Amino acid sequence: MLSLNLFASSNVTFSKSSHKYPINASLLDPNLVNRHKNPQFPSRPFEKPTSKINHGVLFRPSEEPLCQISKSRSDFGKILAPPFGFSSRFLSRAASGAPQEASPDGEIEVSKPNKNAKLALIFGLWYFQNIVFNIYNKKVLNIFPYPWLLASFQLFCGSVWMLILWSLKLQPCPKINKSFIVALLGPALFHTIGHISACVSFSKVAVSFTHVIKSAEPVFSVVFSSFLGDSYPLKVWLSILPIVFGCSLAAVTEVSFNFGGLSGAMISNVGFVLRNIYSKKSLQSFKEVDGLNLYGWISIISLLYLFPVAVFVEGSQWVAGYHKAIATIGNPSTLYLWVILSGVFYHLYNQSSYQALDDISPLTFSVGNTMKRVVVIIATVLVFRNPVRPLNALGSAIAILGTFLYSQATAKKPKVEAGEKKN
């Protein structure tokens, strides 16, 4: 016999034999939880195991209950991408205070205010974490100009963070095997190249200039993908023209221009584009691994790639550079704090971006990523008071606008194809 016990202040438990499936009662509709208090809804046992409740819980003959949310999620843990790597379904509900609504099909749907609050929280965390990382990353590099060591430490922080989440079971550890590790070797290598090149660029030029050059990433994406056989409509090619023009104008008018900084940002674009392309090709059979776990393993493998090279490239300068940095800043604990903040927030903002892509459409993500660069550029210019010439600002604005147009052009392409297939 399948039984259902409902209590307003306790968990709802579905039981058969020795199997139990606890679901927090606060996640269900309050009308369902309090139904036993309402005289017009008398409680009575279920007569058939296939009966359906219009508040989102569907009973099947099998032993496992099926809970459906918003027609695209199969568990409560993915309602909101959590900022610290584990389930935050309670955070999603508390963000808006709005109850969940039951659809006519018997599915629990997140109300519109709740969805808007969730998106605002996701983007707010993503932007805030990115700004904090860029500020403290540049602060450290200004007095300790050794980007290879700092980049290695940032990957180390992400690796330790993920190991803690997995060991404490705050994040389910994915089942890995040899084929999964082999598939990650390529994406992790290109991620390493992209990360260290960006860090080298940050050490040589203003943060705002590096981000303007990195906004040219769509240009490399279109060119490399075309070489690999992908085709793009004319509007996509036209959208990259203002990116090229804007980046060129910003580069020639940049006060802190340095060829090493420019080349580092360009190589970073190449690395991240190849990472994305290679990931699509090598990780197709591992779609069950979520974004957080995927980025966690990429961080671990990237650390193994980068640190030995970092020791070879600049290891002999670290001790002298450390003493010089301490003499400059005066307080060693301040330097330690800046380094830790740069490492922690580097992982957090990348983690948030991976998780945001699980909760929003690619178009929303692309637009959000474009606006993120604008916010970071403005924030770092205000913090570091970098001089900005009018033509430099104009070039930056044109490049950002081109990135926005590119996101619009590429986001509409799959929709058209989907419509054609439907017809």
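The pLDDT is the predictor's confidence in each residue, on a scale from 0 to 100. It is the natural starting point here, for the structure shown above is a predicted model. Within the protein chain, this confidence reaches its highest value in helix α4 (residues 147-167), with a mean of 95, and falls to its lowest in strand β5 (residues 66-67), with a mean of 36. Averaged over the protein chain, the pLDDT is 75, and 70% of the residues score at least 70.

Two stretches call for caution in reading. Residues 1-110 have a pLDDT below 50; beyond near neighbours in sequence, this stretch nevertheless has 182 contacts in the model. Residues 413-423 likewise have a pLDDT below 50, and this stretch has 4 contacts in the model beyond near neighbours in sequence.

The overall architecture may be considered next. The protein chain has 14 helices and 7 strands. Of its 423 residues, 47% are buried. Among the contacts in the protein chain with a separation of 6 or more, 77% are accounted for by residues 24 or more positions apart.

One pair of helices can be followed in detail. Helix α7 (residues 217-227) and helix α9 (residues 259-282) have axes that come within 9 Å of each other and cross at roughly 50°. An angle from 35 to 65 degrees counts as oblique, and α7 and α9 are therefore oblique to each other. The crossing in which α7 passes α9 is right-handed. On the α7 side, the contact is made by E217, F220, S221, F224 and S225; on the α9 side, the contributing residues are M266, N269, V270, F272, V273, L274, N276 and I277. By character, the residues of this contact between α7 and α9 comprise 8 nonpolar, 4 polar and 1 charged.

Two loop residues deserve attention for their backbone geometry. K169 is not a glycine, yet its phi is positive, at about 60°. K169 is located in the loop between α4 and α5 (178-204). Residues over 50% relative accessible area count as exposed, and K169, at 75% relative accessibility, is therefore classed as exposed.

R385 is the second of these residues: its phi is near 55°, a positive value in a residue other than glycine. The position of R385 is in the loop between α13 (362-384) and α14 (390-422). Because its relative accessibility is 72%, R385 also counts as exposed.

Technical notes:
Residues are numbered from 1 along each chain as its sequence is written. This is a predicted model: local features need pLDDT of at least 70, side-chain atom pairs count only at pLDDT 80 or more; totals for chains, interfaces and linings use all residues. Side-chain values use heavy atoms; hydrogens and water are left out. Helices (H or I, at least four residues) and strands (E, at least two) are DSSP runs, numbered from the N terminus. Contact means heavy atoms within 4.5 Å. Axes are lines fitted to C-alpha atoms, for helices over the stretch in contact, and angles run from 0 to 180 degrees between N-to-C directions. Angles under 35 degrees count as roughly parallel, over 145 as roughly antiparallel, 65 to 115 as roughly perpendicular and the rest as oblique. A crossing is left-handed if the near helix is turned anticlockwise from the far one by less than a right angle, and right-handed if clockwise. Ala, Val, Leu, Ile, Met, Phe, Trp, Tyr, Cys and Pro count as nonpolar, Asp, Glu, Lys and Arg as charged, and the others, Gly among them, as polar. Buried means under 20% relative accessible area, exposed over 50%, partly exposed in between (1.4 Å probe, protein chains only).
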